[in-house]
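User: I would like to learn how to read the features of a protein model. Please take them one at a time, with the general idea before the case.

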Amino acid sequence: MFEKKQNYVICPFCCHRFHPHEADFRLSKDKKFDEKLFDYYVEVLQLDKKEAKEKSMQFLAVEVADNDAVSFSQEAIGKYGFAHEITYHPPSGKKITSAKRLCPHCHNDLPIGFGMRDTLLISILGDARSGKSVFLTMLIAELENNSDFVSKLTFIGDKNVRDNFYETYQKPLLKDHQLINSTKRKKIPPYAFNFWYQYKNEEGIIKENTIDLIFYDIAGEDLRDDSGIRQNGFNIKDSSGLIFLVDPTNFARLSDLFRFSDAALIDAIPEENSNQSIFNTLYNYFLGFDREKSLIPMALVLSKSDLFSYARFDFFDNKPENRIQNILDGENHKGALNMPSVKGLNQEVRELVSYLGEDGILNNALGCFKVVSCFAVSSLGKKPTVEQISDPITNETIEKGYIDGPLQPFRVKEAFYWILMRNQLLYKHENNRYTLHMAETLQTQYPSIQAAPQKHVPIWRRILTFFMRK
């Protein structure tokens, strides 16, 4: 088991940092207006104040700090470092036990067991129609049925969010084989999972670990301007890793390289590539304050890479050993990250991007991030069929995409494995050796709260800190 490195957590909803023992608890009786939740609904989700007020009528939330009406198990403090269940003793009436923990800043429900394990926040970025929602859906499906590691993925978030994810993403794509509609401009709720997996340590011995994963899907339009990214993408700067999808059908030169005639695909190529404006926004708002590159690992991913099997790349004719073979081959990561495969793919994608005249994408990424690795994926494994149909509600003509036959995704998990490795949660395998990544970690960028200057520390926190050090 990897030793847990974090001594603070980041709320998946508002991205405030706090110690796990600072969480509030929600009881099961006595409804009351929750001001913190109301502020989140209005300021972050931008709900109408009337609707926000209705949603903010919740059961009473109580603080643990200096609250004589709250008791908890000291044994749990010694084991977990924080109270995961409390008993509330009201002035009158029966006592109430609660295990529903809340963020102390926004009062959203924290995922089950949040703070007991390492937590990775992974943001999926990219322009509209780059395939972010499809990629995220297939990544989760692949992790649930993993052929590389013995693993298990369990949803630990809000049930309503889980049901919405199934109805909006998984059911249309995985069951009905229909393309997912583009993500609308709004704050998408985070998707929280617990990921248990087996890995090989430095001696090649199989061990196991469990972490919490928080995935964010952000609308491409929200990434193009400061106001949109500030409102709906503020989690980016707190991410443990970024996966930036680049749609190759946006490349102007690609249309000349196809062997077959596909008017629909050629017509879909936009006149303006907005990846440049997305990187400008990333740099100006998140990375431009101190003019230093971000330490967040950036996976630059070419989506829809199954199309490359139809294209003629004369650039690689003098390099037959490197003719997009890495892109089209499958993953090979058995218990650790296969570094020769990752390095080969990174080099090949960089050469391909340069050959297609899109060096600006890579240059922009390298100008913002210290660590960039290139990948290529196909979430579907084949080109969907797009039809023009009439919307039964609005009578407007819309596009509807279908996938004929079984889905055949490839290399979907690779960028995720790389982010695990960069966060020292997965070993890498190279030259017959298993080693742990030892370069700079995000903790140098986001120092521990415990290292910050402390004001007066209450007795209750001193007690908790003592048990945490035990």
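Analyst: What follows goes from overall totals to helices, sheets and single residues. This is a predicted model: local features need pLDDT of at least 70 and side-chain atom pairs count only at pLDDT 80 or more, while totals for chains, interfaces and linings use all residues. Residues are numbered from 1 along each chain as its sequence is written, and side-chain values use heavy atoms, with hydrogens and water left out.

User: How many helices and strands are there in the protein?

Analyst: Helices (H or I, at least four residues) and strands (E, at least two) are DSSP runs, numbered from the N terminus. The protein has 13 helices and 20 strands.

User: What percentage of the residues is buried?

Analyst: Buried means under 20% relative accessible area, exposed over 50%, and partly exposed in between (1.4 Å probe, protein chains only). Of the 470 residues in the protein, 52% are buried. As for the surface, accessible areas come from the Shrake-Rupley method with a 1.4 Å probe, and for residues only the protein chains shown count as cover. About 22600 Å² is exposed by the protein, with 48% of it supplied by carbon and sulfur atoms.

User: Which helix is mostly covered?

Analyst: Helix 12 (residues 414-422) is, with nine of its nine residues buried. Among them are F416, Y417 and W418, and also E414 and R422. Q424 follows helix 12 and has a positive phi, near 60°.

User: How are two packed helices described?

Analyst: By the angle between their axes and the distance between the axes. Axes are lines fitted to C-alpha atoms, for helices over the stretch in contact, and angles run from 0 to 180 degrees between N-to-C directions. Here, helix 4 (residues 132-144) and helix 5 (residues 159-175) have axes that come within 10 Å and cross at roughly 80°. Angles under 35 degrees count as roughly parallel, over 145 as roughly antiparallel, 65 to 115 as roughly perpendicular and the rest as oblique. Helix 4 and helix 5 are therefore roughly perpendicular to each other.

User: Which residues of helix 4 and helix 5 meet?

Analyst: Contact means heavy atoms within 4.5 Å. From helix 4, S133, V134, T137, M138, I140, A141 and E144 meet F165, Y169, Q170, L173 and L174 of helix 5. The residues of this contact divide into eight nonpolar, three polar and one charged. In that division, Ala, Val, Leu, Ile, Met, Phe, Trp, Tyr, Cys and Pro count as nonpolar, Asp, Glu, Lys and Arg as charged, and the others, Gly among them, as polar.

User: In what order do strands 5, 6 and 7 form a sheet?

Analyst: Two strands pair if DSSP finds at least two bridges between them. The three strands form an open, antiparallel sheet in the order 5-6-7. Strand 5 (70-72) and strand 7 (96-98) are the edge strands, each pairing on one side only. On average, neighbouring strands of this sheet are turned by 30° against each other, direction ignored. Three bridges join strand 6 (residues 86-88) to strand 7, where I96 is the bridge partner of Y88.

User: Why is strand 11 largely enclosed by the rest of the structure?

Analyst: Strand 11 (residues 191-200) has seven of its 10 residues buried, so it is largely enclosed by the rest of the structure. Five bridges join strand 11 to strand 10 (residues 151-155) in the antiparallel sense, and T154 has N194 as its bridge partner. Strand 11 also pairs antiparallel with strand 12 (residues 206-217), over 10 bridges; W196 and T210 are bridge partners there. This hairpin has five residues between the strands, and G204 takes a positive phi near 75°.

User: Where is P111 found, and is P111 buried or exposed?

Analyst: P111 is in the loop between strand 8 (101-102) and strand 9 (119-126). With 6% relative accessibility, P111 counts as buried. Leaving aside neighbours within four places in sequence, P111 is in contact with P12, I156 and A192. P111 and D158 are 47 residues apart in sequence, and their C-alpha atoms are 7.4 Å apart in space.

User: What is the phi of D30, and what is that of Q46?

Analyst: D30, in strand 3, has a positive phi near 65° in a residue other than glycine. At 47% relative accessibility, D30 counts as partly exposed. Q46 likewise is a residue other than glycine with a positive phi, near 55°. Q46 is in the loop between helix 1 (35-43) and helix 2 (49-55), and at 56% relative accessibility Q46 counts as exposed.
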